[in-house]
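Colleague: I am new to this structure and would like a close look at its pockets, with the residues that line them, followed by a few of the salt bridges. Please take me through that slowly.

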Amino acid sequence: MLRLNVKLLLFLVFGLVFLATWSLWNRCLDGLHPPGWDNSYKHNGDGPLQDVFSGNSPVADRQTSELQGYEEIDCLINGDIALKCRKEGDEVYLPFSFIHKYFEVYGKLATYDGYERFEWSHSYSKVFYPKGKYEPSGVFMYFENYNVEVRERVKCLSATEGVPVSTQWESGGYYYPTQIAQFGLSHYSKNLTEPEPRRKVLEDGEKDISHWSTNGLASFTRAHDPEANSFVLQFQSSIGGSVSLKLDHVLDFVLMMDLKILSINSSVTVALQNRETRQLWRLHYLCSPQLIFIQDSKDQDIYHGIECDDVTPWITLIRDLVVDLQKGLLLQNKGKRKLPRSKLKVVGIALRGWGKVDNVSLSSSEHLAHFYDAARWFVKHQDRNTGGWPNPVKRRVAAGMEELEPGWYSAMGQGHAISVLARAYHHSGGEPQYLQAAINGLRPFRVPSDEGGVLALFLGKFPWYEEYPTRPASFVLNGFIYSLLGLYDLKTLAPPAQAKEASVLFEQGMVSLKNLLLLFDTGSGTSYDLRHFTLGTAPNLARWDYHATHVNQLLLLATIDKDPLIEVTARRWIGYMNGKRAAHN
């Protein structure tokens, strides 16, 4: 009996301890809930635990903030802009989306080895450090990285001239000398920095011949052509007929051929196909005054016009087929996303009308051919009286400056053109047409900008070559330095007797640059021009890409002029790109 009572007593003691522990445990759980806790926010076991804090309840938001160690607060920026911030201890955190816009800084989340970090940068542009002394016969600055023809402001490459047609200031399209020169200089530079291109010769009329076939009323022969001084393929067809070549060619999309058009109804058609979707497009190169056009927004046909008549001489047609396709798709509002070259192939070429072809090839690139297209354009289209290459559009640079009427000259355009022509003279082994055009291109540098030239004087003393010959003068920095590089290229590559004028213009320009350079320094970046001086307005601050151009130009000039001012200034301006600022008083 006693043994039973002891057991009962122990059972009662353990029961009381359990009840006390259970009661204390529930009280502790209740103590975790803040004032205002409601059963509606308690987890009911039907969903994941994260649902406890779902919704937009202030109570839930505050609970989340407290658990994460911060609280939401209101921020007022300069008494003007209100936004939500977060406070953690004595630190206040602002959204980076606001910081990005307010201070024009840049950042992104990046992951390395599974760990995420935030990367902040003050500039989105890149500095290119020269590998040695600048050589005018070599790469032009960092232009091997340029792809001018794919820019949005390029309508197309003219099938007649082989150079870009700009829409920068006029949507219909026009020939912009600065852009054409950059096209030429980029391909010249790529030719020096890229591997030898792959090239597949499809037809040369003699050694390399392909299995062409005829459709409808059409025929072809191979015979010697006295004008071309080689064997060529001659074709002729009636309406509905063609001479065609089936292909299954991938990766190499630059078509090059010598073409003689004998009737204005002649055309060359190239068919491209998407290797995955089997979508087919046809690029037609035909006689037309229109640069590029389509007949239907849903059509598979894109047309590039060639200026021709019944006596058109032999021309060399050089076409990047992917670029031509992309520009056509833009006309159909289908070209916002670029088509990867790896997804395309060339499936055929068709010849129609009456004409001759020779040296038909597909290659990965034809950089030198593009470069000489640009050089020949400058020889052909130079004004014989003024030596300039006119810009055929109106240009309004800034309020308070007179509008530039069509026909104005740009020192940057002149300098770029001279850089192209000097290289063409050097590379061709001394063809005089290129040298003479480059020398003639110096004439606008001697004519005041208010008289049709590009020469302005700062304070009546320092000569400055104007990118935009405005009234009053604008003194654009990057365009001026590009003009100096053109002068340096000519003075270096031309024979001594013909290099004197370019040398004088370059040296006086360098004196001006050294005297005016620091006027462009804002202490945290650079000014694009000096309109704040000539117009009495706020400075026109250079975007980071233009600021980087200023830096890259100075670094290049420092390799040919050892005045420490140039390199020291460039290094300070690089610092601005990394967040450094000039000291205050």
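Modeller: What follows treats the pockets first and the salt bridges after them.

The model is predicted, so to speak of local features a pLDDT of at least 70 is needed, and side-chain atom pairs count only at pLDDT 80 or more, while totals for chains, interfaces and linings use all residues. Residues are numbered from 1 along each chain as its sequence is written, and side-chain values use heavy atoms, with hydrogens and water left out.

A pocket here is an open set of points on a 1 Å grid over the protein atoms alone, where a 1.4 Å probe fits and protein lies on both sides within 12 Å along at least five of seven lines; lining residues have an atom within 4 Å of a point. Grid points are joined across faces, edges and corners, and a volume is the space filled by probe spheres set on the points. The largest pocket has a volume of about 980 Å³. It is lined by 34 residues, of which Tyr146, Arg153, Arg543, Asp545 and Tyr546 are the closest to its centre. Two or more lining residues come from each of helix H4 (177-193), helix H9 (477-493) and helix H12 (544-557), and H12 gives the largest share, five residues. Helices (H or I, at least four residues) and strands (E, at least two) are DSSP runs, numbered from the N terminus. By class, the lining of the largest pocket holds 15 nonpolar, eleven polar and eight charged residues, where Ala, Val, Leu, Ile, Met, Phe, Trp, Tyr, Cys and Pro count as nonpolar, Asp, Glu, Lys and Arg as charged, and the others, Gly among them, as polar.

The second largest pocket has a volume of about 740 Å³, and of its 29 lining residues Glu149, Val150, Val323, Lys338 and Arg341 are the closest to its centre. H4, helix H5 (321-331) and helix H6 (367-380) each supply at least two residues of this lining, with the largest share, five residues, coming from H5. The lining of the second largest pocket divides into nine nonpolar, nine polar and eleven charged residues. This pocket lies between domain 2 (143-192 + 369-577) and domain 3 (199-364), because both give residues to its lining; the domain bounds come from an automatic or database domain assignment.

Turning to the salt bridges, a search of the whole structure finds 25, each being a side-chain nitrogen of Lys or Arg within 4 Å of a carboxyl oxygen of Asp or Glu. One of them joins Arg86 to Glu72, with the closest N and O atoms 3.2 Å apart; Arg86 is in strand E2 (residues 81-88) and Glu72 in strand E1 (residues 71-77), 14 residues apart. Another joins Glu227 and Lys260 (3.4 Å, N to O). Glu227 lies in the loop between strand E10 (218-225) and strand E11 (230-237) and Lys260 in strand E13 (residues 254-261), so this pair ties together parts that are 33 residues apart in sequence. Glu227 is exposed, with a relative accessible area of 52%, whereas Lys260, at 12%, counts as buried; buried means under 20% relative accessible area, exposed over 50%, and partly exposed in between (1.4 Å probe, protein chains only). Finally, Lys514, Asp561 and Asp563 are linked in a network of salt bridges.
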